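This report concerns the contact between two chains and the empty spaces in a protein model. Please view the structure below before reading on.

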Amino acid sequence: MSTPILEVRDISIRFGGVEALKNVSLQLMPGEVLALAGDNGAGKSTLIKIISGVYRADQGELLFDGAPLQLRDPQDARVQGIETIYQDLALADNLDVGSNIFLGREPTRRQLGFQVIDRPRMAQVAREVLERLDIVIPERKLSGPVKMLSGGQRQAIAIGRAIYWNARVLIMDEPTAALGVPEQRKVMELIATLKAQGVSVILISHNLHDIFAIADRIVVLRRGEVAGERQVQQTNGDEIVHLMVGDTYVSPDL
Amino acid sequence: MDNSRLDRIALITKLWPWLFLAALLVFFEVYAQVSAHRSFVLNAYNLQSIGLAAAAPLLLAIGQTFVIITAGIDLSAGFVMGLAAVCVAQFTLFGNGSPWILFLSIPLTVVVCLIPGLVNGVLIAWLRVPAFIGTLGMYGVARGAGFLAAGSGMTVSVDNPGLVWLGAGWTPVLLTAVLLVIMHLLLSKTRFGQYTYAIGGNPQSAARAGINVKRHLLVVYVIAAAFAAVGGIIYTARFAAGAANAGEPMLLDSIAAVVIGGASLFGGTGNVIGTLIGALIIAVIQFGLVFIDVNAFWQFIVVGIVIILSVLIDQYKDRLGGAQ
């Protein structure tokens with residue numbers, strides 16, 4: 001078996017008196033789509049915030065490609081190739097596609113002794129990234145503000161930004177929550193494209209349909225603990241829901 | 001609507017400040033030709049008057065453009081300008097008429113006026129005070145400080161050959177033009193400018209992208225204060241006297257210039273060239289109405305209507321964009 005690209009070992013974290021995560025462990029293999037399922041308050045968001053460097057765990061460790069990983073802030077995680085796509089996409093709606101892909105990391109060139117932003121290069125990269133994701137945006141909209149684009153296109157820009165910066169692990173928090181059905185499908189296709197390109201994805205979703213459509217493996221959290229871990233082929237929705245809510249749930253089929 | 005027609009409408013709404021300025025010039029030109037057989041535009045006196053009328057509000061408006069793009073506002077700029085006008089007069093008086101004192105009095109004035117800018121930035125970026133309230137507080141502080149610094153009278157007369165040179169003829173206009181070009185390049189070509197837009201679009205996204213939002217906002221409010229200071233210094237140079245209320249009528253004109261130039265008070269849009277056009281539109285209306293002998297109070301009404309019109313066009317542009 002190959003080395004996991006990311007490994008979470010015995011992570012615990014407390015907020016005041018609440019133990020938000022208790023000895024959580026999981027592994028993410030290269031090119032794998034791992035779904036993180038769980039009810040509200042199960043600890044999904046806390047876990048991804050630890051992996052993306054927002055929180056620091058009280059106990060336990062992270063390993064990236066087999067080596068211990070110390071994250072002081074989200075910037076550290078990004079340098080390592082762990083990119084997070086938040087629910088709100090973290091786009092600057094008033095800027096164009098290229099500006100968003102390079103937000104905070106704009107390429108510059110010297111002009112009359114001054115460092116100026118290299119806009120032609122940004123526009124070129126924007127085209128390349130969208131092409132790689134198989135997303136078509138008309139040229140005239142490429143140079144307009146991204147608020148003019150559809151939800152799916154905007155999602156693609158957020159994903160494009162992550163992969164352009166060589167994300168090896170992509171964390172996606174409810175990527176389809178705000179989208180219409182055709183756009184949800186497009187985002188699912190995007191995840192499949194990324195997977196084919198060797199990017200590992202941690203997918204948080206409430207939508208079991210999405211999870212079963214795209215994930216290889218599902219880790220279920222319940223009250224801060226790993227309630228179970230299943231290969232997608234070897235489980236079904238009922239079992240996952242059962243793991244999510246505990247013994248109180250009785251499948252309607254039984 | 002098909003795309004080419006939408007594109008045409010979008011282009012017109014984008015260029016409308018230019019078209020409006022051109023229409024104003026044509027109107028006054030025709031009026032001048034018909035009524036007096038002379039030119040309105042090809043007249044050095046008229047151009048210089050318009051340039052001088054536009055320069056002071058434009059200086060405030062350049063700083064204001066950066067602030068408004070970050071979705072903020074600087075209400076204190078007018079009285080910071082007044083404070084600068086008084087300070088530079090008082091400091092220059094220490095030199096007993098020597099032009100060399102300006103190398104001390106002008107930098108010192110700028111430094112004094114950076115303090116309100118720094119306080120504005122700290123209030124807004126770190127203490128999360130809404131820009132409208134924070135700078136309204138500073139409006140009062142700078143106003144009081146300006147009048148106190150002016151002493152018994154409201155104005156401080158100063159007679160200094162260096163200041164006379166600085167305020168004579170085209171000098172204030174040229175100085176404003178140079179600063180305008182520098183700030184235009186800063187806003188449109190550099191990372192600093194890009195981050196100004198990004199913060200105005202979505203401060204949270206900007207922060208997540210690693211942009212130091214707080215420090216950036218601080219710098220933006222300091223820039224606004226610095227431009228207010230330059231405005232005040234030029235005022236004193238032109239009129240050989242610093243007045244604490246020198247910038248009072250300029251403040252709203254400066255905000256109007258930014259808005260007419262295409263900026264949204266919600267942040268994220270606007271540019272220095274647009275602001276220049278906005279300031280020129282206001283100056284041409286003010287000068288032109290006097291030129292054609294219309295009661296001066298009409299200029300307030302006309303400028304007011306132009307502001308409302310520009311916001312309406314801006315909203316229409318957004319709706320148009322959303323529909324595409």
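Which residue of chain B forms a salt bridge with Asp88(A), and how far apart are the closest N and O atoms? The partner is Arg208(B), and the closest N and O atoms are 2.8 Å apart. A salt bridge is defined here as a side-chain nitrogen of Lys or Arg within 4 Å of a carboxyl oxygen of Asp or Glu.

This is a predicted model, in which local features need pLDDT of at least 70 and side-chain atom pairs count only at pLDDT 80 or more, while totals for chains, interfaces and linings use all residues. Residues are numbered from 1 along each chain as its sequence is written, chains are lettered from A and ligands numbered from 1 in the order in which they are written, and side-chain values use heavy atoms, with hydrogens and water left out.

## The interface of chain B and chain A

The rule finds one salt bridge across this interface. In terms of contact (heavy atoms within 4.5 Å), 22 residues of chain B meet 24 residues of chain A. The two chains bury about 2,000 Å² between them, and 43% of this lies on carbon and sulfur atoms. Buried area is the accessible area (1.4 Å probe) that two parts lose on being put together, summed over both. On the side of chain B, Arg191(B), Gln194(B) and Arg208(B) lose the most area to chain A, together 33% of what that side buries.

Between chain B and chain A, 14 residue pairs are in polar contact, both residues being at pLDDT 80 or more. A polar contact is a pair of N or O atoms within 3.5 Å; within protein, one must be able to donate a hydrogen and the other to accept it, and residues adjacent in sequence count only if both atoms are side-chain atoms. On chain B, the elements that each supply at least two residues to the touching side are helices H1 (3-36), H7 (171-189), H8 (191-201), H9 (203-208) and H13. Of these, H8(B) gives the most, with six residues. Helices (H or I, at least four residues) and strands (E, at least two) are DSSP runs, numbered from the N terminus. By class, the touching side of chain B has five nonpolar, 13 polar and four charged residues. Ala, Val, Leu, Ile, Met, Phe, Trp, Tyr, Cys and Pro count as nonpolar, Asp, Glu, Lys and Arg as charged, and the others, Gly among them, as polar.

## Cavities and a pocket

On a 1 Å grid over the protein atoms alone, a cavity is a set of points where a 1.4 Å probe fits but cannot get out, and a pocket is an open set with protein on both sides within 12 Å along at least five of seven lines; lining residues have an atom within 4 Å of a point. Grid points are joined across faces, edges and corners, and a volume is the space filled by probe spheres set on the points. The structure holds two cavities of 30 Å³ or more.

| Space | Volume | Element giving the most lining residues | Lining by class |
|---|---|---|---|
| Largest cavity | about 240 Å³ | S6(A), four residues | 11 nonpolar, three polar, five charged |
| Second largest cavity | about 40 Å³ | H12(B), four residues | seven nonpolar, one polar, one charged |
| Second largest pocket | about 580 Å³ | H2(B), six residues | 19 nonpolar, five polar, two charged |

Arg208(B), the salt-bridge partner of Asp88(A), is also among the residues nearest the centre of the largest cavity, together with Arg78(A), Glu83(A), Thr84(A) and Arg161(A). This cavity has 19 lining residues. Helix H2 (74-80), strand S6 (82-85) and helix H6 (151-164) of chain A, together with H9 of chain B, give two or more residues each to its lining.

The lining of the second largest cavity includes Ala53(B), Pro57(B), Asp253(B) and Gln286(B). Those four residues, with Met250(B), are the closest to the centre of the second largest pocket, which is lined by 26 residues.
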